[in-house]
Amino acid sequence: RYNPATDTWRAMSTTNAPASRYDAAAVWTGTELVVWGGLGATGLLADGARYNPATDTWRAMSTTNAPTARTAPFVAWTGTEMVLWAGLTADITEPNAGARYNPATDTWTTLPTEGATTARSSGGAAWTGSEVFVWGGYDARGVEQAIGALYDPMTDRWRPLPTGNAPGARAEFSTVWTGAEVIVWGGHQSDFSTRPTTINRLDTGAAFDPRRYAWRAVDTLGAPSARDRHGAVWTGAELFVWGGISGTGPSSTGCRLQPLP
């Protein structure tokens, strides 16, 4: 754990911690860090645990009605539940399925599939305050997509995202909620007409306003160089982008984007 006020690190307890893994789903609930799924030493995982920094303790999560083992799923925290959708399974297919996890009751609830996105992985998800935003990523063929959907946990229903002015198809991009818009930026798109396939990294993006149910392009003036797998966070006033893979290797550069007022 890193404390920016004191510029110090502290190790986390490993007692009852989940097994080693990567590309897992993770959310902060306000009191606990929830970690689920991912790829471990024995393969894909369908378990997880919750970490409480106040007590430096882990506790296991229920597996009853939990999703099947997967990695790189779409995940968002609604304020009361972790919503997890799709991802990549052991047979290299994306399940068109997901579930909601309630840490207060330690229970899973299966998500509906009617109206949901097609199965996919490595896309973007965000909570808009009333709906879970799911967009982009790879389909079952490994082709990047430019479509998505919104999930309302109150009605337990999906509705499609508009496609007009949406960003181009991509995967491995950043997705952040500003309090007014979901910003999608960067990532990559594959050119399957070349041999070997060319990976085209992107320096473009768009913002989705759920109140207007519409996309707008994000300004590219002064944007970071094209990249994917970068870090991106919302500071409360700006989108901060840093690192990732740009050009032929890791990047040590970044930029800040101030959205329209």
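In strand E4, the bridge partner of Trp-28 is Leu-33. That pair is a good place to enter this structure, which is a predicted model.

## The sheet that starts with E3

Four bridges join E3 to strand E4, and the two run antiparallel. E4 covers residues 33-36. Between these two strands sits a hairpin connection of four residues. Within that hairpin, Gly-30 takes a positive phi near 110°.

E3 has two faces. Ala-25 and Val-27 lie on the covered face. Ala-26 and Trp-28 lie on the uncovered one. The pattern follows a common rule: in a regular strand, side chains alternate between the two faces of the sheet.

The pairing goes on beyond E4. E3, E4, E7 and E8 make an open sheet of four strands, in the order E3-E4-E7-E8. Its pairing is antiparallel. Which strands stand at the edges? They are E3 and strand E8, residues 57-60. Each has a single partner strand, so one side of each is left without a neighbour in the sheet. From one strand to the next, the twist averages 20°.

At the E8 end, four bridges join this strand to E7, residues 48-52. E7 and E8 run antiparallel. Here Tyr-51 stands opposite Trp-58 in E8.

Both of these residues also meet a residue from outside the strands. Ser-13 touches Tyr-51, Asp-56 and Trp-58, leaving aside residues up to four places away in sequence. Ser-13 itself is found in the loop between strand E2 (8-9) and E3. Is Ser-13 buried or exposed? Its relative accessibility is 18%. The cut-off for buried is under 20%, so Ser-13 counts as buried.

## A three-strand sheet

A further open sheet has three strands, in the order E23-E24-E27. Its pairing is antiparallel too. E23 and strand E27 (254-257) are the edge strands, and each pairs on one side only. The twist averages 15° from one strand to the next.

Four bridges join E23 to strand E24, residues 239-242. These strands run antiparallel. Trp-234 stands opposite Leu-239 in E24.

## The largest pocket

How much space lies in the largest pocket? About 1,300 Å³. The lining has 42 residues. Those closest to the pocket centre are Pro-73, Val-75, Gly-123, Ala-125 and Phe-173.

Several strands contribute to this lining. E3 (25-28), E9 (74-77), E13 (124-127), E17 (174-177) and E23 (231-234) each supply at least two residues. E3 is an edge strand of the four-strand sheet, and E23 is an edge strand of the three-strand sheet.

By class, the lining has 26 nonpolar residues, 10 polar ones and six charged ones.

## A buried strand residue

Val-182 belongs to strand E18, residues 182-185. What is its relative accessible area? The value is 0%, so Val-182 is buried. Leaving aside residues up to four places away in sequence, Val-182 touches Ala-126, Thr-128, Phe-133, Thr-175, Val-176, Trp-177, Ala-206, Ala-207 and Phe-208.

Asp-203 gives a sense of distance. Val-182 and Asp-203 are 21 residues apart in sequence. In space they are 17 Å apart, C-alpha to C-alpha.

## Backbone details in the loops

Two residues other than glycine have a positive phi here. The table sets them side by side.

| Residue | Phi | Loop | Relative accessibility |
|---|---|---|---|
| Asp-156 | Asp-156: about 60° | between E15 (148-152) and E16 (157-160) | Asp-156: 32%, partly exposed |
| Glu-172 | Glu-172: near 55° | between E16 and E17 | Glu-172: 22%, partly exposed |

Why does Glu-172 count as partly exposed? Its relative accessibility is 22%. Buried means under 20% and exposed means over 50%, so Glu-172 falls in between and counts as partly exposed. Asp-156, at 32%, counts as partly exposed by the same cut-offs.

One peptide bond also deserves a look. The bond from Arg-195 to Pro-196 is cis, with omega near 0°. Pro-196 is found in the loop between strand E19 (188-191) and strand E20 (198-201).

Methods:
Residues numbered from 1 in each chain as written. Predicted model: local features only at pLDDT ≥ 70, side-chain atom pairs only at ≥ 80, totals over all residues. Heavy atoms only, no water. 1 Å grid on protein atoms, 1.4 Å probe; cavity = no way out; pocket = protein on both sides within 12 Å on 5 of 7 lines; lining within 4 Å. Points joined across faces, edges and corners; volume = space filled by probe spheres on them. Nonpolar A, V, L, I, M, F, W, Y, C, P; charged D, E, K, R; others polar. Pairing = 2+ DSSP bridges. Axes fitted to C-alpha atoms, helices over the stretch in contact; angles between N-to-C directions. Buried < 20%, exposed > 50% of the residue type's maximum accessible area, 1.4 Å probe, protein only. Contact = heavy atoms within 4.5 Å.
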